[in-house]
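Student: I'd like to practise reading how helices pack in a model. Could you walk me through one, feature by feature?

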Amino acid sequence: MKTLFQYNWQVREDWFRWCQNVPEEELLRTRTGGVGGILHTLFHIVDVEWSWVRCLQGKPDFQESFDGYRSLDKVLKLQESFKPEVEEFVYSWNDAWEYNVFRDVHPDGHPVEDRWGEVVRHMIAHEIHHVGQLSIWSRELGIKPVSANLIGRGLMNRQV
């Protein structure tokens, strides 16, 4: 599981570098699918990851909208402010947390219970899903997308 988080973080950094060569109007343009556009999607990925970590720990959730982060620099700074807490949670993960219960209430008002392990795996899949959308939008712009290949990233060589 930690390897997949590291994978997501590497791919996210690659997308941030990719964005540096794309005009801001293209990063902000509303696109079909996803949460809006390229930069909004990266904001969403960063926001959701940190929000889930906070929720699992019983801490307040992030409630700001993308409107205050409509530049690559602002989204990068947001990520850098959230990253230490997310990394601490991920790297301290242990099997005993797998079946911890997360209680929530859906927007329609009914209560739900999910296991932490399921929520954490959802966090991983959520980012991978949105990276696919970024890849499609990249191709629509005629720009080669970031590689989604896990192989060759050196992730299995790291000691954590």
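**Reading helix packing**

Tutor: Happy to. Let's begin with the length of a helix: at 1.5 Å a residue, the 19 residues of H3 should span 27 Å, and the end C-alpha atoms of H3 are 27 Å apart, which agrees. Do keep in mind that this is a predicted model.

Student: How many of the residues of H3 are buried?

Tutor: H3 is mostly covered, with 16 of its 19 residues buried. After H3 comes Gly58, which has a positive phi near 75°.

Student: How should I describe two helices that pack together?

Tutor: Two packed helices are described by the angle between their axes and the distance between the axes. Take H3 and H5 here: the angle is about 175° and the axes lie 10 Å apart.

Student: At what angle to each other do H3 and H5 pack, and what do we call that arrangement?

Tutor: The angle is about 175°. Angles over 145 degrees count as roughly antiparallel, and H3 and H5 are therefore roughly antiparallel to each other.

Student: Which residues of H3 and H5 meet?

Tutor: From H3, the contact uses Ile38, Thr41, Leu42, His44, Ile45, Val48, Glu49, Trp52, Val53 and Leu56. Facing them in H5 are Trp116, Val119, Val120, His122, Met123, His126, Glu127, His130, Leu134 and Trp137. By character, the residues of this contact are 13 nonpolar, five polar and two charged.

Student: Let's look at one of them. Is Thr41 buried or exposed?

Tutor: Thr41, a residue of helix H3, has a relative accessible area of 0% and is buried. Setting aside neighbours within four places in sequence, Thr41 is in contact with Val35, His130, Leu134 and Trp137.

Student: And what about Phe43, what does it touch?

Tutor: Phe43 is in helix H3 too, and its relative accessibility of 3% means that Phe43 counts as buried. Beyond neighbours within four places in sequence, Phe43 is in contact with Phe62, Glu64, Ser65, Phe66, Tyr69, Val75 and Leu78. Also compare sequence with space: Phe43 and Gln79 are 36 residues apart along the chain, while their C-alpha atoms are separated by 8.2 Å.

Student: Why does Asp47 count as buried?

Tutor: The cut-off for buried is under 20% relative accessible area. Asp47, in helix H3, counts as buried because its relative accessibility is 13%. Leaving out neighbours within four places in sequence, the contacts of Asp47 are Phe62 and Phe82. Asp47 and Glu26 are 21 residues apart in sequence and, C-alpha to C-alpha, 21 Å apart in space.

Student: Now for another pair. How do H1 and H4 pack?

Tutor: Use the angle and the distance again. Helix H1 (residues 2-19) and helix H4 (residues 72-91) pack at about 170°, and their axes are 12 Å apart. H1 and H4 are therefore roughly antiparallel to each other. On the H1 side the contact has Lys2, Phe5, Gln6, Trp9, Arg12, Glu13, Phe16 and Cys19. On the H4 side are Leu72, Val75, Leu76, Gln79, Glu80, Lys83, Val86, Glu87, Val90 and Tyr91. The residues of this contact divide into ten nonpolar, two polar and six charged.

Student: What covers the buried residues of H1?

Tutor: The cover includes helix H2 (24-28), helix H3 (38-56), H4 and helix H5 (116-140). Among the buried residues of H1 are Phe5, Trp9, Trp15, Phe16 and Trp18. As for length, H1 has 18 residues and reaches 26 Å from its first C-alpha to its last, close to the 26 Å expected.

Student: Which residues have the most contacts inside the largest nonpolar core?

Tutor: They are Trp15, Trp18, Ile38, Leu42 and Phe89, in a core of 41 residues. H1, H3, H4 and H5 each give two or more residues to this core, and H3 provides the largest share, nine residues.

Student: What is Trp18 in contact with?

Tutor: Apart from neighbours within four places in sequence, Trp18 is in contact with Leu27, Ile38, Ser138, Leu141, Ile143, Lys144, Pro145 and Val146. Follow the chain of contacts to Ser138, which is placed in helix H5 and is buried, with a relative accessible area of 0%. With the same neighbours left aside, Ser138 is in contact with Trp15, Trp18, Ile143, Lys144 and Pro145.

Conventions: Residues are numbered from 1 along each chain as its sequence is written. This is a predicted model: local features need pLDDT of at least 70, side-chain atom pairs count only at pLDDT 80 or more; totals for chains, interfaces and linings use all residues. Side-chain values use heavy atoms; hydrogens and water are left out. Axes are lines fitted to C-alpha atoms, for helices over the stretch in contact, and angles run from 0 to 180 degrees between N-to-C directions. Helices (H or I, at least four residues) and strands (E, at least two) are DSSP runs, numbered from the N terminus. Angles under 35 degrees count as roughly parallel, over 145 as roughly antiparallel, 65 to 115 as roughly perpendicular and the rest as oblique. Contact means heavy atoms within 4.5 Å. Ala, Val, Leu, Ile, Met, Phe, Trp, Tyr, Cys and Pro count as nonpolar, Asp, Glu, Lys and Arg as charged, and the others, Gly among them, as polar. The expected span of a helix is 1.5 Å times one less than its number of residues. Buried means under 20% relative accessible area, exposed over 50%, partly exposed in between (1.4 Å probe, protein chains only). A nonpolar core is a set of buried Ala, Val, Leu, Ile, Met, Phe, Trp, Tyr and Cys residues joined through side-chain atoms within 4.5 Å.
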